[in-house]
Amino acid sequence: VKGAEDTSSLRDMRNKFLEKCALIDNYVGRLLKALEDKGVLDNTVIVFTSDHGDMLGNHCIWDKRYFYEESVGIPLFISGASVQAEQRMCGARLSKSLVSQLDLYPTILDLAGIPCEGHRKRPGKSLLRILSEEVSGHEYVIAELATAMMIRTANWKMVFDPGAGGVQQLFNLARDPEELDNVAGVPGYEVVTTDLLEKLLSDKIRRSQITQAKEEQRLQRVHIG
């Protein structure tokens, strides 16, 4: 009986997610229809994305607050007349470049025909130029949630949480793409752990000097003065 109840609960949860997907599809369709009715669809680029993925039962987790690939990965679709056919991801074409949401800013500027060079230096790269191989992807990408930080390279992923005692997870994605074997703290992985920690903390220090943290401090001084 308990097994039947669990199965029914999972079925209900799955159906709720499917209903949400159908709702999103409906609103996207209405948006496209409104753009078409106004005669601006052919002069519009649609960017469809999200701030996180969702585990959906993977690793027996129904939540979003994790750094597994299913959660830290996001959907991203870019469609429009200014997206040239050779830049579209279709058929068997596949890019393994590491990218993040930081790349959306220069990508949108690129789509609008605005040069990125005249703006403040930012860490993002145009996805269009990565797809056309004009520039390479990132050596690593980083995500943060509360006190936890994740760094992901082509072959490795590490989750570091100073509030929870340090390195929490370390996965060799080349050998273990499903992230089933956590080798954090296992002897023999000290070098890769140190390398990832140095990259992660260096990036944290760099961003603390140039992003909103520094701007907030400046505004506080102006307000006090």
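Here is a walk through this predicted model, from the overall fold down to a few individual side chains.

Let's start with the big picture. The protein chain has six helices and six strands, and reading along the sequence gives the order α-β-α-β-α-α-β-β-β-β-α-α. The chain has 225 residues, and 25% of them count as buried. As for contacts, take those with a sequence separation of 6 or more: 45% of them are between residues 24 or more positions apart.

Now for the core. The largest nonpolar core has 10 residues, and you can pick them out as Met149, Ile151, Trp156, Met158, Phe160, Leu170, Val183, Val192, Leu196 and Leu200. Three elements each give two or more residues to this core: the strands β4 (148-152) and β5 (156-161), plus the helix α5 (190-210). Met149 is a handy place to look around from. Setting aside residues up to four places away in sequence, Met149 touches a list of residues that includes its fellow core members Met158, Phe160 and Leu200. The list also takes in Phe67, Ala143, Glu144, Val159, Pro162 and Lys204.

Next, move over to α3 (104-111). This helix is mostly covered, with six of its eight residues buried. The buried ones are Leu104, Pro106, Thr107, Leu109, Asp110 and Leu111. And what sits over them? The cover includes β1 (45-49), β2 and α4. Just past the end of α3, Gly113 takes a positive phi of about 75°.

Step back to the other end of that helix and you land on Asp103, in the loop between β2 (76-80) and α3. Asp103 is a curious case: an acidic side chain that is buried yet has no salt bridge. Which side chain of opposite charge is nearest to Asp103, and how far away is it? That would be Lys125, at 7.3 Å. A salt bridge here needs the nitrogen and oxygen within 4 Å, so that pair does not qualify. Asp103 does have polar partners, though. The backbone nitrogen of Lys125 lies 2.7 Å from a polar atom of the Asp103 side chain, so Lys125 comes in through its main chain here. A polar contact of 2.7 Å also joins the side chains of Asp103 and His138. Beyond its neighbours within four places in sequence, Asp103 is in contact with Gly124, Lys125, Leu127 and His138.

That brings us to the charge pairs that do form. Side chains of opposite charge can pair when their charged atoms come close. A search of the whole structure turns up 12 salt bridges, and three of them are worth a visit.

One is between Arg152 and Glu69, with the closest N and O atoms 3.5 Å apart. Arg152 belongs to strand β4 and Glu69 to helix α2 (residues 69-72), so the pair ties together parts that lie 83 residues apart in sequence. Are the two partners buried or exposed? Arg152 is buried, at a relative accessible area of 17%, whereas Glu69 counts as partly exposed at 29%.

Another joins Lys199 and Glu139, at 3.6 Å from N to O. This pair also links distant parts of the chain: Lys199 is in helix α5, while Glu139 is in the loop between α4 (127-131) and β3 (141-145), 60 residues apart. Lys199 is buried, with a relative accessible area of 17%, but Glu139 counts as exposed at 57%.

Then there is Arg175 with Asp181, where the closest N and O atoms are 3.5 Å apart. Both ends are in the middle range of accessibility: Arg175 is partly exposed at 47%, and Asp181 is partly exposed at 35%. Salt bridges can also share partners, and in this model such sharing joins Glu69, Arg152, Lys157 and Glu179 into one network.

Last stop: the cysteines. A disulfide is a covalent bond between the sulfur atoms of two cysteines. How many disulfides does a search of the whole structure find? The count is zero. Among the cysteines, Cys21 counts as partly exposed at 44% relative accessibility, and Cys60 counts as exposed at 76%.

Methods
Residues are numbered from 1 along each chain as its sequence is written. This is a predicted model: local features need pLDDT of at least 70, side-chain atom pairs count only at pLDDT 80 or more; totals for chains, interfaces and linings use all residues. Side-chain values use heavy atoms; hydrogens and water are left out. Helices (H or I, at least four residues) and strands (E, at least two) are DSSP runs, numbered from the N terminus. Buried means under 20% relative accessible area, exposed over 50%, partly exposed in between (1.4 Å probe, protein chains only). Lys and Arg count as positive and Asp and Glu as negative; His and the chain ends are not counted. A polar contact is a pair of N or O atoms within 3.5 Å; within protein, one must be able to donate a hydrogen and the other to accept it, and residues adjacent in sequence count only if both atoms are side-chain atoms. Contact means heavy atoms within 4.5 Å. A nonpolar core is a set of buried Ala, Val, Leu, Ile, Met, Phe, Trp, Tyr and Cys residues joined through side-chain atoms within 4.5 Å. A disulfide is a pair of cysteine sulfur atoms within 2.5 Å.
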